[in-house]
Amino acid sequence: MPSTVQSPPSTATLDAATDPVGDVPRDWPGLWLQMLRARDGAPSPQLSHSPEFGWSVDDAIGVRASALFDLYKPLLDARARQRRPREHTPWVVAQLGQSLDGFVATLTGDSYYVNGAHCLLHLHRLRALCDAVVVGAGTVATDNPQLTTRRVPGPQPVRVVMDPEARLDGLSRVFRDGQAPTLWVCDSRHAAQARSRLGPVPVHAEVLAVDDLLGKDGTAGYHPQRAVSALATRGLHLLG
């Protein structure tokens with residue numbers, strides 16, 4: 001399974017408009033665009049790839065841009081491996097935001113301001129390099145997230161909502177806003193209920209039924225590896 005992709009330190013923020021990131025290295029935006037080309041296997045004038053060492057930067061770049069490249073290089077290398085014959089082992093990258101004193105939420109449970117502007121940029125870059133962004137039903141119910149790459153150039157990942165028992169009502173933004181495709185993953189025994197909540201003609205969302213996601217009898221526990229395998233059959237091998 002995956003190596004760890006670490007997050008930069010977090011500072012409190014409201015949104016990109018109220019707390020813009022103004023200290024991005026000058027040579028980073030161009031390099032990021034080349035990384036997006038490499039993401040899809042397109043030739044890049046600034047990057048090269050070798051089977052042994054993966055992607056590397058051919059041009060001279062600053063220290064900070066180099067550090068950013070090193071941060072995301074494992075994802076580029078993983079994508080390159082996925083394109084090889086018979087090498088389609090899924091990667092699952094875990095990302096969380098936490099305060100400097102190690103918390104992921106406030107005492108009251110309000111976590112909106114834990115991630116700062118740099119962390120949100122980092123999160124959206126991760127999404128742009130992944131095939132899909134995966135969240136649980138609790139996150140969707142509590143935060144009603146968009147799960148997009150709106151802060152950076154790059155493709156929108158497929159949004160995957162893990163909801164084995166189809167507890168959600170199907171009205172959250174990820175199912176309705178049309179910003180990116182969404183898969184509502186649930187145990188096959190609850191798929192009909194999920195589809196009924198999406199409505200007769202869902203345009204941007206689809207229920208992905210996974211057999212025995214909750215075990216053979218529905219009570220044997222949650223088996224996320226079965227969902228990961230089902231996503232891989234859709235071509236979604238790099239999950240964030």
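What follows is a walk through the fold, the cores and a few notable residues of this protein. The model is a predicted one, and every value below is computed from it.

Starting with the overall picture, the protein contains seven helices and eight strands. Its 240 residues include a buried fraction of 43%. Among contacts with a separation of 6 or more, 59% are between residues 24 or more positions apart.

So what sits inside? The largest nonpolar core has 25 residues, and the members that touch the most others in it are Trp32 and Met35. Three helices, α1 (28-39), α2 (63-82) and α3 (117-129), each put at least two residues into this core. The largest share comes from α2, with eight residues. Met35 gives a feel for how this core is knitted together: leaving aside residues up to four places away in sequence, Met35 touches Trp28, Leu47, Phe69, Tyr72 and Leu76. There is also a second, separate core, made of 17 residues, and Val140, Phe175, Trp184 and Ala194 are among them.

The helices of the largest core also pack against one another. Two packed helices are described by the angle between their axes and by how far apart those axes are. For α1 and α2, the angle is about 5° and the axes are 10 Å apart. Angles under 35 degrees count as roughly parallel, and that makes α1 roughly parallel to α2. On the α1 side, the contact involves Trp28, Leu31, Met35, Ala38 and Arg39, while α2 brings Ala65, Leu68, Phe69, Tyr72, Leu76 and Arg79.

Helix α1 has another partner in α3. Here the angle is about 30°, again with axes 10 Å apart, and α1 is roughly parallel to α3 as well. The residues that make this contact are Trp28, Trp32, Leu36 and Arg39 from α1, together with Arg125, Ala128 and Leu129 from α3. Trp28 thus turns up in the contact with α2 and in the contact with α3, and the same goes for Arg39.

Next come the aromatic rings, which form four pairs in total. In one of these pairs, the ring centres of Trp28 and Tyr72 are 6.2 Å apart with their planes at 35°, so the pair counts as tilted. Because Trp28 belongs to helix α1 and Tyr72 to helix α2, this pair ties together parts that lie 44 residues apart in sequence. Both partners are tucked away from the surface: Trp28 is buried at a relative accessible area of 3%, and Tyr72 is buried at 0%. Ring pairs also bring in Trp32, linking Trp28, Trp32 and Tyr72 into a cluster. Trp32, remember, is one of the two residues with the most contacts to other members of the largest core.

What about the cysteines? Cys119 is buried, with 3% relative accessibility, and Cys130 is buried too, at 2%. Even so, the structure has zero disulfides.

Some of the loops deserve a look as well. In the loop between α4 (137-143) and β5 (158-162) sits Leu147, whose phi is positive, near 60°, even though the residue is not a glycine. Leu147 is also buried, at a relative accessible area of 3%. Thr148 is found in that loop between α4 and β5 too, and Thr148 is buried with a relative accessibility of 0%. Not counting residues up to four places away in sequence, Thr148 touches His124, Arg127, Gln156, Arg159 and Gln179.

Another positive phi, of about 55°, belongs to Asp212, which is likewise not a glycine. Asp212 is located in the loop between β7 (205-210) and α7 (224-232). At 18% relative accessibility, Asp212 still counts as buried, because the cut-off for that label is under 20%.

Following that loop onward leads to α7 itself. Which residues of α7 are buried? They are Ala227, Val228, Ala230, Leu231 and Ala232. These buried residues pack against strands β3 (91-92), β5, β6 (182-187), β7 and β8 (238-239).

Notes: Residues numbered from 1 in each chain as written. Predicted model: local features only at pLDDT ≥ 70, side-chain atom pairs only at ≥ 80, totals over all residues. Heavy atoms only, no water. Core = buried A, V, L, I, M, F, W, Y, C linked by side-chain atoms within 4.5 Å. Buried < 20%, exposed > 50% of the residue type's maximum accessible area, 1.4 Å probe, protein only. Helix = DSSP H or I, 4+ residues; strand = E, 2+ residues; numbered from the N terminus. Contact = heavy atoms within 4.5 Å. Phe/Tyr/Trp six-rings, centres within 6.5 Å; stacked < 30°, edge-to-face > 60°. Disulfide = S-S within 2.5 Å. Axes fitted to C-alpha atoms, helices over the stretch in contact; angles between N-to-C directions. Parallel < 35°, antiparallel > 145°, perpendicular 65-115°, else oblique.
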